[in-house]
Amino acid sequence: MALAVQGVQNVIGYTFADPYLVREAVSAAGSIVAAGPRRFPNGNKRLALLGDTILQLALAEDWYAGTEPRASYDRIRQSVASNNNLHSVGLANNLGAFVNLAGGGRTVSPVTMAATVEAIIGAVYLDSNNMDSVKAVM
């Protein structure tokens, strides 16, 4: 799992103070993983939910700073935060190589890849507590 942590850090350009957050982020739903003192009985589901919310917050902050109408934000959010786009981002960055699948499988589904990208965003937020770090990773 240490290779997965290092690999994800290399891909996203961010070094975690708490590497257990990366381990949680790459643990697909349904996998039961223990990382140090923590256990993740539902894989990255909770972290992915947080990451989805943080992604939308980052998009809203950028929209708010501009002058575009609300409809523009809705289009950007639907495009950038969609599972299809997040899956594409994960594939383009070869994040599937680091995903720990339930049952030891090797094929990462589009939904699992999207959740992993969201979970990584959530992990960066928790580790840094800094939206600038999140936006740099996005």
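**Aromatic pairs, pocket lining and positive-phi residues**

Trp63 counts as partly exposed, since its relative accessibility is 25%; the classes of accessible area, obtained with a 1.4 Å probe on protein chains only, are buried (under 20%), exposed (over 50%) and partly exposed (in between). Tyr73, at 9% relative accessibility, counts as buried. The model is predicted, so that local features need pLDDT of at least 70 and side-chain atom pairs count only at pLDDT 80 or more, whereas totals for chains, interfaces and linings use all residues. Residues are numbered from 1 along each chain as its sequence is written, and side-chain values use heavy atoms, with hydrogens and water left out.

Rings of Phe, Tyr and Trp (its six-membered ring) were taken to pair if their centres lie within 6.5 Å, with planes under 30 degrees apart counted as stacked, over 60 as edge-to-face and the rest as tilted. Two aromatic pairs result from this rule. Tyr14 and Phe16 make up an edge-to-face pair, with 4.9 Å from centre to centre and 85° between the planes. Both Tyr14 and Phe16 are buried. In the pair of Trp63 and Tyr73, the ring centres are 5.6 Å apart and the planes stand at 45°, so this pair is tilted. Distant parts of the chain are linked by the pair, as Trp63 belongs to helix α3 (residues 45-65) and Tyr73, ten residues apart from it, to helix α4 (residues 70-80). Helices (H or I, at least four residues) are DSSP runs, numbered from the N terminus.

The Tyr14 and Phe16 pair is also contacted from helix α1. Gln9, a residue of this helix, touches Tyr14, Thr15 and Phe16, residues up to four places away in sequence not being counted; contact means heavy atoms within 4.5 Å. Gln9 has a relative accessibility of 10% and therefore counts as buried.

His87 is located in helix α5 (residues 83-92). Its relative accessible area is 16%, so His87 is buried. Beyond four places in sequence, His87 touches Ser109, Pro110, Met113 and Ala114.

Pockets were sought on a 1 Å grid over the protein atoms alone, a pocket being an open set of points where a 1.4 Å probe fits, with protein on both sides within 12 Å along at least five of seven lines; lining residues have an atom within 4 Å of a point. Grid points are joined across faces, edges and corners, and a volume is the space filled by probe spheres set on the points. The volume of the largest pocket is about 260 Å³. It is lined by 15 residues, of which Val89, Val117, Ile121, Val137 and Met138 are the closest to its centre. Two or more lining residues are given by each of α1 (2-12), α5, α6 (110-128) and α7 (131-137). The lining comprises 13 nonpolar, two polar and no charged residues, where Ala, Val, Leu, Ile, Met, Phe, Trp, Tyr, Cys and Pro count as nonpolar, Asp, Glu, Lys and Arg as charged, and the others, Gly among them, as polar.

The expected span of a helix is 1.5 Å times one less than its number of residues. For the 19 residues of α6 this gives 27 Å, which agrees with the 27 Å between its end C-alpha atoms. Asn129 follows just after α6 with a positive phi of about 50°, although Asn129 is not a glycine. Asn129 is part of the loop between α6 and α7 and, at 59% relative accessibility, counts as exposed. Asn94, another residue other than glycine, likewise has a positive phi, near 55°. Asn94 is situated in the loop between α5 and α6 and is partly exposed, with a relative accessible area of 49%.
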